[in-house]
Amino acid sequence: MNRLAVLLCAVAVLPNVARCYSYQTKYLDVPVDHFNFGNNATFRLRYLVNDTHWRPDEGRPIFFYTGNEGDISMFAQNTGFVWEIAPQFGALVVFAEHRYYGQSLPFGNKSYSDPQHLGFLTSQQALADYVVLIAELQRPQRRPSPVVAFGGSYGGMLSAYLRLKYPASVVGAIAASAPVLQFPGLTPCGAFARIVTSDFASVAPSCADSIRRSWSEISNLTSSDAGRAWLSTAWRLCKPLASGADVSALKAWLADVYTNLAMINYPYATEFLAPVPAHPVAATCAPLGNATLGGKLLMRALFKAVSVYFNHTGRATCLDVGSSASGNLGDRGWDFQSCTEMVMPMCSDGQADMFEPQAWNFAHYSDGCHKRWGVRPSEQRAVLMYGGKELSTASNIVFSNGLLDPWSSGGVLRNVSDTALAIIIPEGAHHLDLRESNPADPPAVRAARQFHCDNIRTWIEKHQGAPPSDKPA
């Protein structure tokens, strides 16, 4: 098993003070296909480990982050809560990478070449990877350490699913911003867009109104060669608009930016998806306060607004709408997953939300998936595999959701059993509670972190057979 020492510096907790996380990078050979005895192929799954505070002889826990759609080092950098509480619990910290993301590529450069190579990219296979890794971490121990799963967003879904499907492997799970209900028949397709709109409208109604009007203004302006040339220059586009397809790509990029701004609407500056200032939605809305703007004046204001996201540092020389608006997240892998098992209907009507009207059409969606990947989505697979709303038998899971986060539309917002609990963070954006402490944190997120710690302590003590304690670990 290869080892590589790495020093990772995360965002500062206090101004001008760097917080550094150290870990070892390790690899474990796991099956490419956990569910086929006729396939013995394996690949190297990457995971990050820190044992600085671990006291295994005392039965101290393993804190296990269920990696999601991206390089695992990015999630380690942005999940400071786990690092902060590890000392008080004497925990081993592990961040496991999701197959097909980062360096955990089952077929190397061929992993994304065709459906035959890519077909092993599923949440079921990833969960099985984690179970195997957990068993390997516990193997040297006479009495295995209790394992607590952590995850945010899709990773939060995986942490909840890990507890649901493999309760012998983890004693509990903190599932932050986990949209386990964002599936067909469970959540209205327009709920996500309405929350994004609410975030912008709550700053200034004129902001959401201006964005709503901007779609038709863009269409009108780009209906001529002269208009496309003007917008290409005014917005400093890396690739000038030359066709209707280019205009559609620009609109899609804008929609992604508005969504991402709502997700990372943190009360302090971050670099999670892109370098942005504190309260980035408010900063974006600042140039859009005049509800009477139209035409080229609105376009200039809109460019200034979105520059908060793509050029807050001032280092961008041009706007590249062909690049991902989601930073280091694995857009290709997630697009494949959303074209197979993770079908999450999204729609907008341009009235209850600020986006262009776009109906949810599964047949059209399926055709797009087949064109891109050569596969057809299984619309109900996630609901059948993980139970949908039927969560009454779930135990030892905390579902946390920030109400600023559009993914809360598909989150669990009410307790579903005696120990599968929901906690709401009114001022919270996307899994803010898993980020490291910051002086700007609202009281609700501090309370949520304490709630997490209380539950973690209860799960560990119950596992160890000790009566629940009211004392800090």
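**Notes on helix packing and a few loop residues**

1. H6 and H7 pack at about 130°, and their axes lie 5 Å apart. That angle makes H6 oblique to H7. On the H6 side the residues involved are Thr197, Phe200 and Ala201, which meet Pro205, Cys207, Ala208, Ile211 and Arg212 of H7. Sorted by class, this contact has 6 nonpolar residues, 1 polar and 1 charged. Bear in mind while reading on that this is a predicted model.

2. H6 (residues 191–203) also meets H9 (residues 244–263), with the axes coming within 9 Å and crossing at roughly 70°. The two helices are therefore roughly perpendicular to each other. Phe192, Val196, Asp199 and Phe200 contribute from H6, while Tyr258, Thr259, Leu261 and Ala262 contribute from H9. The class count for H6 with H9 is 6 nonpolar, 1 polar and 1 charged. If you want one residue to click on, try Phe200: it is listed in the contact with H7 and also in the contact with H9.

3. Now the core. The largest nonpolar one has 147 residues, and those with the most contacts inside it are Phe150, Phe200, Trp235, Tyr258 and Ile456. Two of these names come up in the H6–H9 contact as well, Phe200 from H6 and Tyr258 from H9. As background, nonpolar side chains in soluble globular proteins tend to be buried together.

4. What does Trp235 touch, leaving aside its neighbours within four places in sequence? Its contacts are Leu250, Leu254, Met299, Leu302, Phe303 and Leu319. Of these, Met299, Leu302 and Phe303 are also among the buried residues of H11.

5. H11 (residues 295–310) passes a simple length check: at 1.5 Å a residue its 16 residues should span 22 Å, and the end C-alpha atoms are 22 Å apart, which agrees. Its buried residues include Leu298, Ala301, Ala305, Val306, Ser307, Val308, Tyr309 and Phe310. The buried residues of H11 pack against H7 (205–221), H8 (225–234), H9 and H10 (280–285).

6. Right after Trp235 in the numbering, have a look at Arg236. The residue lies in the loop between H8 and H9 and has a positive phi of about 50° although it is not a glycine. Most residues other than glycine have a negative phi. Arg236 is partly exposed, with a relative accessible area of 38%.

7. Tyr100 is another non-glycine residue with a positive phi, near 75°. Tyr100 is found in the loop between S5 and H3. Is Tyr100 buried or exposed? At 1% relative accessibility, Tyr100 counts as buried.

8. Leu105 is placed in the loop between S5 (92–96) and H3 (115–118). With a relative accessible area of 30%, Leu105 is partly exposed. Leaving out neighbours within four places in sequence, Leu105 is in contact with Phe43, Tyr100, Ser111 and Tyr112, so Tyr100 from the previous point turns up again here. Leu105 and Val32 are 73 residues apart along the chain, and their C-alpha atoms are separated by 9.9 Å.

9. Thr222 is in the loop between H7 and H8. At 7% relative accessible area, Thr222 is buried; the cut-off for buried is under 20%. Not counting residues up to four places away in sequence, Thr222 touches Arg228, Leu231, Leu241 and Val247. From Thr222 to Tyr309 the C-alpha separation is 23 Å, with their positions 87 residues apart along the chain.

10. Last, two loop residues to compare by eye. Ser145 is in the loop between H4 (123–138) and S6 (147–152) and counts as buried at 2% relative accessibility. Beyond residues up to four places away in sequence, Ser145 touches Trp54, Pro56, Gly59, Arg60, Pro61, Ile62 and Gln138. Asp57 is found in the loop between S3 (42–50) and S4 (62–66), and at 81% relative accessibility Asp57 counts as exposed. Asp57 and Gly156 are 99 residues apart in sequence, and in space they are 29 Å apart, C-alpha to C-alpha.

How values were computed. Residues are numbered from 1 along each chain as its sequence is written. This is a predicted model: local features need pLDDT of at least 70, side-chain atom pairs count only at pLDDT 80 or more; totals for chains, interfaces and linings use all residues. Side-chain values use heavy atoms; hydrogens and water are left out. Axes are lines fitted to C-alpha atoms, for helices over the stretch in contact, and angles run from 0 to 180 degrees between N-to-C directions. Helices (H or I, at least four residues) and strands (E, at least two) are DSSP runs, numbered from the N terminus. Angles under 35 degrees count as roughly parallel, over 145 as roughly antiparallel, 65 to 115 as roughly perpendicular and the rest as oblique. Contact means heavy atoms within 4.5 Å. Ala, Val, Leu, Ile, Met, Phe, Trp, Tyr, Cys and Pro count as nonpolar, Asp, Glu, Lys and Arg as charged, and the others, Gly among them, as polar. A nonpolar core is a set of buried Ala, Val, Leu, Ile, Met, Phe, Trp, Tyr and Cys residues joined through side-chain atoms within 4.5 Å. Buried means under 20% relative accessible area, exposed over 50%, partly exposed in between (1.4 Å probe, protein chains only). The expected span of a helix is 1.5 Å times one less than its number of residues.
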